[in-house]
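Okay, thanks for coming, everyone. I'd like to walk you through a structure that's new to most of us, so let's put it up on the screen.

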Amino acid sequence: MAYLQFLGAAGTVTGSKHLINTSGDGTGRRGLQVLIDCGLFQGQKEWRLRNWNDIPVPAREIDAVVLTHAHLDHSGWIPRLFKEGFHGKVYATPPTIDLCGVVLPDSGHLQEEEARFHNRKGTSKHIPALPLYTLEEAQECLRFFEPVEFNETRQLSPEFSFRFVHAGHILGSSMVEAFLRQGASRHKYLFTGDIGRVPLKQAPGKVVHAGPAPQEDAEILVMESTYGNRVHPSQDVRAELAGLIQRTVRRGGSVVIPAFAVERTQKFLFLIKELMETNQIPHVPVFVDSPMAIKAVEIYLKYSSEFTEEARELIGRYGSPVKWRGFSFAATQEESKKINELHFPCIIVSSSGMVTGGRVLHHLMLRLPDPRNQVIFIGFQAPGTRGATIKAGARTVRIFSQEVEIRAQVAALEQFSDHADTEELLRWLKTFPRKPATTYLVHGESGAASLLQQAISSELGWNVRIAEWLEKVSLG
Ligand SMILES: [Zn+2]
């Protein structure tokens with residue numbers, strides 16, 4: 001019997017991995033085994049430790065990975081899968097492949113740095129501490145990525161094919177329509193990956209077209225539920241953001257924005273530029289401190305056809321952020337360190353977005369103890385991450401094995417989200433011509449998933465289940 005098994009993002013928001021096994025066509029041969037997404041577990045230790053566990057199917061017996069988008073919680077375990085013996089292809093849209101070329105080597109670099117740090121400090125149970133994979137290993141696996149355009153059907157075996165459709169989440173992001181042929185019947189399953197904001201609602205500075213493709217139709221729907229328990233504020237974020245920056249500069253402080261280097265940083269830069277050009281905030285220096293940011297900007301500009309009207313207009317007006325006066329991109333460690341020596345107000349945008357690693361750690365370590373400074377979160381903070389701790393109003397946070405006092409101001413602007421909220425998800429589901437037989441909710445904390453489950457079953461009368469880790473579902 002063909003089946004689907006949830007190997008990640010079940011009961012949590014990270015580690016997306018869904019296995020399709022097409023065996024059971026009656027011929028007795030081994031079926032095709034395809035992983036939809038192959039993400040890294042992030043956040044709480046109990047989840048992160050799973051990055052070190054073997055998956056239930058040997059990696060060498062997996063035939064292909066079909067990747068929805070470049071975020072690490074969907075793509076970050078791919079180099080490890082190769083390390084464990086996978087030798088198939090990774091299928092993704094061309095922008096996703098370009099973004100993975102930046103994101104995956106950076107992830108390898110961070111893994112190596114973390115292992116080096118633990119070895120130096122002797123803070124790991126494992127001697128020596130090892131990286132999950134290295135920068136080089138991440139780079140090596142990129143050769144096996146194969147581009148598939150949106151809406152092109154790709155046949156992987158006589159019984160299995162798939163197609164990418166727009167998810168409107170980040171550049172290149174897709175949902176996967178998976179098709180399984182069994183005898184005379186053909187089945188369709190939909191994996192949403194992450195779902196972008198549904199149009200009609202204010203998503204400030206939205207770079208790529210908003211919204212998932214409407215009127216989907218699938219027997220089984222595997223859907224994300226990150227914001228299954230909330231509605232994003234709908235007022236324009238610009239006034240609030242401008243106010244926060246003005247007040248910080250006035251008291252002689254600096255603003256630190258932990259941001260994903262991909263999408264969120266680009267979006268934020270255009271917003272800051274616009275606020276400066278329209279004199280809503282003072283012209284203070286802006287530092288983009290991420291080795292990936294310049295490369296990510298270049299990739300964004302290459303695919304401007306995927307942009308919203310608003311984003312295209314901004315690019316038309318202001319050109320590439322790399323050339324803006326007063327905006328500096330720190331590519332090297334030395335450039336990054338120089339930012340720490342500055343004592344006048346500035347804006348620092350640095351990754352990682354959930355403060356799980358990267359250069360933002362140094363900036364926060366230095367600036368969190370000073371009440372004049374301001375930290376602004378513009379993205380989701382998974383439970384267990386330092387970002388979630390700081391956002392929740394903790395008095396201290398552990399960075400590089402030290403308790404750092406938090407006296408800086410902390411704010412969170414939820415409008416920047418690239419995920420549809422509950423209302424938007426329901427609006428999208430209402431475009432379906434018929435109910436899926438079963439909808440499985442993944443990629444959400446248990447509270448968010450169960451509230452969304454209730455909302456979908458009461459408003460639409462659908463059969464909805466919350467996927468459990470390692471649970472198997474029969475297909476066909
Ligand atoms: Zn995502």
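Let's start with one pair of residues: find phenylalanine 179, and you'll see that its bridge partner in strand S10 is lysine 188. Before we go further, keep in mind that this is a predicted model.

So which strands are we in here? S9 and S10, which covers residues 185-191, pair in the antiparallel sense, and there are seven bridges between them. Together S9 and S10 make a hairpin, with two residues between them. One to look at in that turn is glycine 183, which has a positive phi of about 60°.

Now look at the other neighbour of S9. That's strand S8, residues 160-166, and S8 and S9 run antiparallel, joined by seven bridges. If you want a pair to click on, arginine 163 has glutamate 177 in S9 as its bridge partner. And is S9 buried or exposed, mostly? Of the nine residues in S9, residues 174-182, eight are buried, so the strand is largely enclosed by the rest of the structure.

Zooming out, these strands belong to an open sheet of seven, in the order S7-S8-S9-S10-S11-S20-S21, with mixed pairing. At the edges you have strand S7 (153-157) and strand S21 (464-466); each has a single partner strand, so one side of each has no neighbour in the sheet. On average, neighbouring strands here are turned by 20° against each other, direction ignored.

Where does a parallel pairing come in? Between S10 and strand S11, residues 220-224, which pair in the parallel sense over three bridges. There, phenylalanine 191 stands opposite valine 222 in S11.

Two helices lie across this sheet. Helix H13, residues 422-429, goes across S9, S10 and S11, and it runs at about 160° to S11. Helix H14, residues 446-460, lies across S11, strand S20 (438-442) and S21, at about 175° to S21.

Okay, on to the metal. Which residues hold the zinc ion? The protein donors are His69 through NE2, His71 through ND1, His169 through NE2 and Asp194 through OD, lying 2.2 Å from the zinc. Written along the sequence, the spacing of those donor residues is H-x1-H-x97-H-x24-D. Why is the arrangement called irregular? The angles subtended by the four donor atoms go from 92 to 161°, and a tetrahedral call needs all angles between 85 and 135 degrees. As for burial, histidine 69 has a relative accessible area of 0%, so it's buried. Histidine 71 counts as buried too, at 16% relative accessibility, because the cut-off for buried is under 20%.

Next, the other sheet I want to show you. It's an open one with six strands, in the order S14-S13-S15-S12-S16-S19, and the pairing is parallel. Its edge strands are S14 (327-330) and S19 (409-412), each pairing on one side only. From one strand to the next, the twist averages 20°.

Inside that sheet, strand S12 (residues 255-258) and strand S15 (residues 347-350) pair in the parallel sense, over four bridges. Isoleucine 257 stands opposite valine 349 in S15. Packing on the sheet is helix H10, residues 333-340, which touches strand S13 (286-289), S14 and S15. The direction of H10 makes about 130° with that of S14.

Then there's helix H9, residues 309-318. Its buried residues include Ala311, Leu314, Ile315 and Tyr318. They cover an arc of only 95° around the axis, which puts them on the same side of H9. For anyone who wants the reminder, an α-helix has 3.6 residues a turn, so residues three or four places apart point the same way. What do the buried residues of H9 pack against? Helix H7 (264-277) and helix H8 (293-302). The face turned away from that buried side carries the exposed residues Glu309 and Gly316. Just after H9, glycine 319 takes a positive phi of about 70°.

Last stop: proline 105, which is found in helix H4, residues 94-121. Its relative accessible area is 7%, so proline 105 is buried. Leaving aside residues up to four places away in sequence, proline 105 touches Cys100, Leu135, Ala138, Gln139 and Leu142. Take leucine 135: it's 30 residues from proline 105 in sequence, but 4.6 Å away in space, C-alpha to C-alpha.

That's my tour, so over to you.

Key. Residues numbered from 1 in each chain as written. Predicted model: local features only at pLDDT ≥ 70, side-chain atom pairs only at ≥ 80, totals over all residues. Heavy atoms only, no water. Donors = N, O, S within 2.8 Å, 3.2 Å for Na, K, Ca; no water. Tetrahedral: all angles 85-135°; square planar, octahedral: opposite > 155°, others 65-115°. Buried < 20%, exposed > 50% of the residue type's maximum accessible area, 1.4 Å probe, protein only. Pairing = 2+ DSSP bridges. Axes fitted to C-alpha atoms, helices over the stretch in contact; angles between N-to-C directions. Contact = heavy atoms within 4.5 Å. Arc of directions from axis to C-beta.
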